[in-house]
Amino acid sequence: MKKLLVLASATAFLFTACVSNPDGEKAETTEASEVASGHGTAFTVNTAASTVEWHGKKVTGQHHGTVAIKSGTLSVHDGKLTGGNVVLDLTTINDQDMEGESKQKLEGHLKSADFFDVENHPEATLEITEVTETDTEGVVTISANLTIRGVTKNITFDANVSEASEAAFKASADFNIEREQWGVSYTGKADDLISKEINLKVNLDAVAAI
């Protein structure tokens with residue numbers, strides 16, 4: 001019996017130890033801050049051309065997909081980002097590595113109270129609080145209030161600006177967040193634990209508002 005208990009404990013430890021987070025630099029997370037007023041030219045996020053991709057891992061595999069951007073605005077002054085916000089439509093959570101019933105089951109679970117509780121919190125928002133220039137050309141550090149499930153935390157991550165003209169502004173970011181800080185605390189099955197971090201890849205394409 002003791003050998004069985006030791007074996008069970010060792011197996012549980014092995015499963016726990018094997019859970020790795022998806023690739024990506026973890027965003028620094030702090031308490032919510034005052035939103036930047038933003039100044040300069042107003043740009044409207046092109047929701048059709050912009051994307052948000054997500055990636056999560058568990059012991060036995062991984063899943064990735066997309067979520068649609070509902071709306072967004074950016075403020076740009078002299079080619080530099082000064083503020084803005086983006087709204088995500090969590091009812092559009094989409095898995096891209098499964099098909100049929102399995103795909104529908106996973107998407108339904110992600111939208112349930114175990115994860116994003118879409119029925120009560122159909123949107124997630126990102127509101128910029130500060131933008132800081134870095135020593136690397138085309139790279140800025142963005143701090144923003146991220147709200148998920150009614151919980152708001154400030155996250156800081158780097159973004160690459162690929163275009164900043166009078167007509168268009170394009171930027172991308174790739175970072176991880178620790179989901180439990182927003183109440184997304186479902187751990188998974190005892191023998192198939194889920195990573196605590198989610199990777200987000202954001203690509204924004206915005207045009208000057210008319």
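Three short exercises on this predicted model follow, each with a worked solution.

**Exercise 1. Describe the protein chain as a whole.**

Solution.
- Start with the elements: the protein chain has two helices and 13 strands.
- Next, take the extent. The C-alpha trace spans about 70 × 40 × 25 Å along its principal axes.
- Then look at burial. Of the 210 residues, 35% are buried.
- Turn to the surface. About 11,700 Å² is exposed, and carbon and sulfur atoms supply 52% of that area.
- Finish with contacts. Among those with a separation of 6 or more, 62% join residues 24 or more positions apart.

**Exercise 2. Find the strands that pair with β4, and give the sense of each pairing.**

Solution.
- Locate β4 at residues 51-58.
- Take strand β5, residues 61-77: six bridges join it to β4, and the two run antiparallel.
- Check the link. β4 and β5 form a hairpin with two residues between them.
- Pick a facing pair here: Lys58 stands opposite Gly61 in β5.
- Now take strand β13, residues 197-208. It pairs with β4 over five bridges, also in the antiparallel sense.
- In this pairing, His55 stands opposite Asn199 in β13.

**Exercise 3. Work out why Glu197 has no salt bridge, and list what it touches.**

Solution.
- Place the residue: Glu197 lies in strand β13.
- Glu197 is buried.
- Find the nearest side chain of opposite charge. That is Lys26, 4.1 Å away.
- Apply the cut-off. A salt bridge needs a distance within 4 Å, so Lys26 at 4.1 Å does not form one with Glu197.
- Look for a polar partner. The side chain of Glu197 makes a polar contact with the side chain of Asn176, at 3.0 Å.
- List the neighbours. Leaving out residues up to four places away in sequence, Glu197 touches Asn21, Pro22, Lys26, Asn176, Ile177 and Glu178.

Note on methods: Residues numbered from 1 in each chain as written. Predicted model: local features only at pLDDT ≥ 70, side-chain atom pairs only at ≥ 80, totals over all residues. Heavy atoms only, no water. Pairing = 2+ DSSP bridges. Helix = DSSP H or I, 4+ residues; strand = E, 2+ residues; numbered from the N terminus. Buried < 20%, exposed > 50% of the residue type's maximum accessible area, 1.4 Å probe, protein only. Lys, Arg positive; Asp, Glu negative; His and termini not counted. Polar contact = N/O pair within 3.5 Å; in protein donor to acceptor, adjacent residues only side chain to side chain. Contact = heavy atoms within 4.5 Å. Areas by Shrake-Rupley, 256 points an atom, 1.4 Å probe, with all protein chains shown as cover.
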